[in-house]
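Please open the model in your viewer and keep the sequence panel beside it, since each stop on this tour begins with something to select.

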Amino acid sequence: MNVESKRQREKETVSFMIALYCRKKHGCKELCPECAALDAYARMRSDKCPFMETKTFCSNCKVHCYKPEMREKIREVMRFSGPRMLFYHPVMAIRHVVESRKEKKRLEKNT
């Protein structure tokens, strides 16, 4: 998978997780201002990531380029939405797991 498609998939997955979180936790059909700000921040961080070519996905990254308060918010979203993705978007959830594992194995082979 090339860097740009990997970056786009990462953004789609994170945005879906934030939307699911917002809908279930805040009762919003559209993103509330707090979740919209988190989504914009996550997309911006993904766009600027210098490690996209060599890392798996942000959820597996060891660099943690998010500001501490945003990192805590995204972790809360991931903990809540991750398991629920199987019910709301199973294809995306399984694709994310499979691609993450493939990428992790590829990186382990190269080190």
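Begin by selecting His-96, which counts as buried because its relative accessibility is 18%, and the cut-off for buried is under 20%. Keep in mind throughout that this is a predicted model. His-96 is found in helix α4, and if you draw a C-alpha to C-alpha distance from His-96 to Arg-9, it should read 8.5 Å, although the two residues are 87 apart in sequence.

Now zoom out to the whole protein chain, where you will find four helices and zero strands, following the pattern α-α-α-α when read along the sequence. Of the 111 residues of the chain, 36% count as buried. Among contacts between residues at least 6 apart in sequence, 75% join residues at least 24 apart, and the pair you have just selected, His-96 and Arg-9, is 87 apart.

**Helix α4**

Select residues 90-110 to bring up α4, a helix of 21 residues that reaches 30 Å from its first C-alpha to its last, close to the 30 Å expected at 1.5 Å a residue. Which residues of α4 are buried? Colour Met-92, Ala-93, His-96, Glu-99, Ser-100 and Glu-103, for these are the buried ones. They lie on the same side of α4, because they cover an arc of only 140° around the axis. An α-helix has 3.6 residues a turn, so residues three or four places apart point the same way. Turn to the other side of α4 and you will see exposed residues, namely Val-91, Arg-101, Lys-102, Lys-105, Glu-108 and Lys-109. Then return to the buried residues of α4 and show what covers them, which includes α1 (3-26) and α3 (68-88).

**Helix α1 against α4**

Select α1 next, a helix of 24 residues that reaches 33 Å from its first C-alpha to its last, close to the 34 Å expected at 1.5 Å a residue. Just after α1, Gly-27 takes a positive phi of about 70°. With α1 and α4 displayed together, their axes come within 11 Å and cross at roughly 135°, and the two helices are therefore oblique to each other. The crossing of α1 and α4 is left-handed. To see where they meet, show the side chains of Lys-6, Arg-9, Glu-10, Glu-12, Thr-13 and Phe-16 in α1 together with Met-92, Arg-95, His-96, Glu-99 and Glu-103 in α4.

**Helix α1 against α2**

Hide α4 and select residues 33-48, which form helix α2, whose axis comes within 10 Å of that of α1 and crosses it at roughly 165°. How are α1 and α2 oriented to each other? They are roughly antiparallel, and their crossing is right-handed. On the α1 side the contact is made by Arg-7, Glu-10, Lys-11, Val-14, Ser-15, Ile-18, Tyr-21, Cys-22 and His-26, and on the α2 side by Cys-35, Leu-38, Asp-39, Ala-42, Arg-43, Ser-46, Asp-47 and Lys-48.

**Ser-46**

For the last stop, centre the view on Ser-46, which has its place in helix α2 and is buried, with a relative accessible area of 2%. Leaving aside residues up to four places away in sequence, Ser-46 touches Arg-7, Glu-10, Lys-11 and Met-52. Finally, add Tyr-66 to the selection: Ser-46 and Tyr-66 are 20 residues apart in sequence and 9.9 Å apart in space, taken from C-alpha to C-alpha.

Terms used
Residues are numbered from 1 along each chain as its sequence is written. This is a predicted model: local features need pLDDT of at least 70, side-chain atom pairs count only at pLDDT 80 or more; totals for chains, interfaces and linings use all residues. Side-chain values use heavy atoms; hydrogens and water are left out. The expected span of a helix is 1.5 Å times one less than its number of residues. Buried means under 20% relative accessible area, exposed over 50%, partly exposed in between (1.4 Å probe, protein chains only). The arc is that of the directions from the helix axis to the C-beta atoms. Contact means heavy atoms within 4.5 Å. Axes are lines fitted to C-alpha atoms, for helices over the stretch in contact, and angles run from 0 to 180 degrees between N-to-C directions. Angles under 35 degrees count as roughly parallel, over 145 as roughly antiparallel, 65 to 115 as roughly perpendicular and the rest as oblique. A crossing is left-handed if the near helix is turned anticlockwise from the far one by less than a right angle, and right-handed if clockwise.
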